[in-house]
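The following report describes the fold, the strand pairing and the side-chain packing of one protein chain. Please read it alongside the sequence and the coordinates.

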Amino acid sequence: MSTASTRLPEGRYGRSSDERADHKLKIAGAVLGALFLALLGYFAWHYVGQNKISAEVITFEQGQDSVKVHLEVRKDAGASGYCTIRSQAENGAEVGRADFRFDGDATRIDKVVTLRTTSPGTTAELLGCHAD
């Protein structure tokens, strides 16, 4: 007998063990993929949907003992909160940090704020905004 004649007919005795393992891996991959997408969706909703105040540094102007920062703040109408800004010296040391409060019904606010520093600051970095 040749090897071709001793082979079992395909599909007659169910799936092979390799096919069963492949099927289980596909199911596990689909479940893990769905969980990952659900987690990603939750974090996106939390960041975008729950963040009622956000801002962006447009420009900043250095001074000897302060840094003037032009902020563009976007928030929900009636929401209040604060944004934290810091400045660093040329060597990377933090020379100033302050929270600036934003209230009112306006949804977009352009404002120049002054951050007092202990020595000349070379940066103005927005650390984040938080709603009350």
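The chain has two helices and six strands, which follow one another from the N terminus in the order α-α-β-β-β-β-β-β; helices (H or I, at least four residues) and strands (E, at least two) are DSSP runs, numbered from the N terminus. This is a predicted model, in which local features need pLDDT of at least 70 and side-chain atom pairs count only at pLDDT 80 or more, while totals for chains, interfaces and linings use all residues. Residues are numbered from 1 along each chain as its sequence is written, and side-chain values use heavy atoms, with hydrogens and water left out.

Of the 132 residues of the chain, 23% count as buried, where buried means under 20% relative accessible area, exposed over 50%, and partly exposed in between (1.4 Å probe, protein chains only). Among contacts (heavy atoms within 4.5 Å) with a separation of 6 or more, 61% are between residues 24 or more positions apart.

Strand β3 is mostly covered, with seven of its eight residues buried, and it pairs with two other strands, as tabulated here; pairing requires that DSSP finds at least two bridges between the strands.

| Strand pair | Sense | Bridges | One bridge partner pair |
|---|---|---|---|
| β3 and β4 | antiparallel | eight bridges | T84 and D99 |
| β3 and β6 | antiparallel | six bridges | I85 and L126 |

The hairpin of β3 and β4 has five residues between the strands, and within this hairpin G92 takes a positive phi near 95°. S87, which lies in strand β3, counts as buried because its relative accessibility is 0%; not counting residues up to four places away in sequence, S87 touches ten residues listed as V67, A93, E94, V95, G96, L115, T117, G121, T122 and T123.

The largest nonpolar core (a set of buried Ala, Val, Leu, Ile, Met, Phe, Trp, Tyr and Cys residues joined through side-chain atoms within 4.5 Å) holds 15 residues, of which V69, L71, V73, I85 and F102 touch the most other members. Strands β1 (53-62), β2 (66-75), β3 (81-88), β4 (94-102) and β5 (108-116) each supply at least two residues of this core, and the largest share, four residues, comes from β2. Beyond residues up to four places away in sequence, V73 touches I53, S54, A55, F102, T107, R108 and I109.

On the helical side of the description, L35 has its place in helix α2 (residues 17-49), and L35 counts as exposed because its relative accessibility is 54%.
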